[in-house]
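Colleague: Could you take a close look at the unusual backbone geometry in the loops of this model? I'd love one connected walk through the cis peptide bonds and the positive phi values.

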Amino acid sequence: MQERPNIWKRFAMVFSWREGLGAGRLLLLLLLLLTIWEAGSGHVRYAVPEEAKHGTFVGRIAQDLGLELAELVPRMFRVAFKGGGDLLEVNLQNGILFVNSRIDREELCGRSLECSIHLEVIVERPLQVFHVDVEVKDINDNPPVFPMAVKKLFISESRPPGSRFPLEGASDADIGTNSQLTYSLNSHEYFTLDVKRNNEEIKSLGLVLKKLLNREDTPEHHLLIMAVDSGKPELTGTTQVKITILDVNDNPPEFERTVYKVRIFENAPNGTLAVIVNASDLDEGVNKDIVYSFNTDTSADTLSKFHLDPVSGYISVKGDIDFEETKLYEIQVEATDKGTPPMAGHCTVLIEILDTNDNVPELVIKSLSLPILEDAPLGTVIALISVSDLDSGANGQVTCTLMPNAPFKLLSTFRNYYSLVLDSALDRESVSIYELVVTARDGGSPSLSATASVSVEVADVNDNAPAFAQPESTVFVKENNAPGCHIFTVSARDADAQENALVSYSLVERRVGERALSSYVSVHAESGRVYALQPLDHEELELLQFQVSARDAGVPPLGSNVTLQVFVLDENDNAPALLPPGAGGVGGAMSQLVSRSVGAGHVVAKVRAVDADSGYNAWLSYELRPSAGGDRSPFRVGLYTGEISTTRALDEADAPRQRLLVLVKDHGEPPLVSTATVLLSLVDSGQAPKTPSRVSVGAASVDTALVDVNVYLIIAICAVSSLLVLTLLLYTALRCSAPPTQGVCGPGKPTLVCSSAVGSWSSSQQRRQRVCSGEGPPKADLMAFSPSLPPGPFSRDREEQLDVDVDLSAKTI
């Protein structure tokens, strides 16, 4: 049952005792009693008698600890016993503590006045520890026991009345009232029983001679001594005393003191002198010689610890003396003379053992809650630590320390109990495991210590999003790539662990014109490899900009994005396209009437063409195919202007109809060629058609406009080429400083400079670029040019009459 007095009975007693007090003082007294009651209820105590039957009710432990019955199983309610065993058990259905197996108080605590079973009640979610003491009440289950069933005494007949003969009393394993013994002796003519209790709480039992003995009348006496304890019911023990009456030697040895007291330290080395006992005998001769010995009732343990010299009376240490095993030795010493019959004197030697700091503290770690989440709140209990020391006093006072402290600390929760709790925030990415050392040190001098290692693993939570090395990356891809070609690899790193660091990649979908982004590119979810799903066309799409998302597998998932800029590089995949011929063309050929009177250098016609490519691939040149007969033609074509002019004055020998084939070629690799047919009809000067003045003026204005367009085109190409050079330099610098990524790349060409009569062209060395190319090595792109037109020998008026057009490119880059 639980040792808690009924509070209402206390209140009733207070009311009956204080009926005459005022209401205010009575209320104050009630509050004081309630406060004392609340303070005393923090530690639950029960009491149970020893030898109680299995199932005996002890207490409603769940109710007394403030726990609901429904939460015992979910919170993993369990009871731990100090020292192990299963003496008590808890019924999780009704929360009752009951006796599970036989409880023997003497086996648990020996002769200790207090005997308790200490329980640790542990529940989780959250982790809580309650301490419960169950006091084991002693019952009178052990009868008094004498050391010997038959005690033999030898008493000289010369002993005077009143002589006392000490006996070893009975012992009772119980405590308190149950161990208090009373002795009785069967009625006897010569002896009475004498029981004394001295100041040292030692009960001395002896036989007192009532009158002189006569060995010749009665050589032996048989006595029966009974010991009765004070328990209910009373238990008894008996011993027989056989007394043999001796003759002659009538003076026993006598000790200087009846009780010798001495103190020695435990662990005293063998041979250490404890005490010297000394006795004297009034007889003479042989009857005066004394031999010292331990009483025959001395226990085997005492005999193994001490040695008594039979001649000198020196008592010395001969075994291991342990304070924790025995704190006091009570030894009965006899001094026996050598008379006939021999006579003996008796004394008691009390040897008190003093404690030394010879026991290392014991440290036990229980209920580890590992691993601990890195976002665990401060104050989270990680482990319970119990310490103990078998020494006493300062030698048994133990303190615990923790190394290193941060981010944990030790809190003292109960006597010799500590909790390892979280003291500051954790970050698994900084430290994933802590190796802690708990040191228990006693207060002895010198102090002794014990250590225990605790490995605290920090569990990961998803608190880090995947991170890319750069927020933006540039990719160069040549057009006409193979479908499914790998163009780039994105990579993001997540500082978390396990599934929280498992990164998957996906496109951030958007529209590109009328089409979805996913129709152009895709990204592999695990590797981050980016693929072009279809051939890209520089003429259709020069720059494709999109985002790739990296997301981890944590709960909730975290993510980040990287921007990819895919520049589609031009390839020479478009042949020059001829512009439609002017009026007079037949079947796609250009027809023109030329007067035979024109001089050398006169422009008679112009071939116009454009190229859908850009840069170097859109730079066109013109050349005249030689005639099949090998005759030298009186005409030539401008290399970059497409203007057909005379090389000499025309004469009658020249054929009236001239058919010229003009090859229009770009500068790509390989170059692409288109052919234009120009039909020239030579007529006499009188037959040359008259061009109206307004038409001439219109032609001149158109020619001037085309020349302006040519200048603007050159400036635009130069500007765009310069911008491309700057972009390539910046990209190269970024690539050199960034870690390499996967892709297909090729070395650039050395710088190339081309000079001609119409200007110079240059290309810069192309540095290593991440591109996807169909076939052939990468080539240098056109960067800048500055053409100059050659002067002609003809007059400006003559030029204004021609339908001239300059269009080197269909578009700019």
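Modeller: Happy to! Strands here are DSSP runs of E with at least two residues, and helices are runs of H or I with at least four residues, numbered from the N terminus. This is a predicted model, in which local features need pLDDT of at least 70, side-chain atom pairs count only at pLDDT 80 or more, and totals for chains, interfaces and linings use all residues. Residues are numbered from 1 along each chain as its sequence is written, and side-chain values use heavy atoms, with hydrogens and water left out.

Let's begin with the prolines. P556 sits in the loop that runs between β41 (543-552) and β42 (559-569), and the peptide bond leading into P556 from V555 is cis, with omega near -5°. Another cis bond links K232 to P233, where omega is about 0°. P233 belongs to the loop between β13 (220-229) and β14 (236-246).

Why are such spots worth pointing out? Most peptide bonds are trans, and most residues other than glycine have a negative phi.

That brings us to the asparagines. N267, in the loop between β16 (259-265) and β17 (273-276), has a positive phi near 65° although this residue is not glycine. N267 is partly exposed at a relative accessible area of 44%; that term covers the range between buried (under 20% relative accessible area) and exposed (over 50%), using a 1.4 Å probe and protein chains only. N416 also has a positive phi, near 60°, and is found in the loop between β28 (408-414) and β29 (417-422). With 37% relative accessibility, N416 counts as partly exposed.
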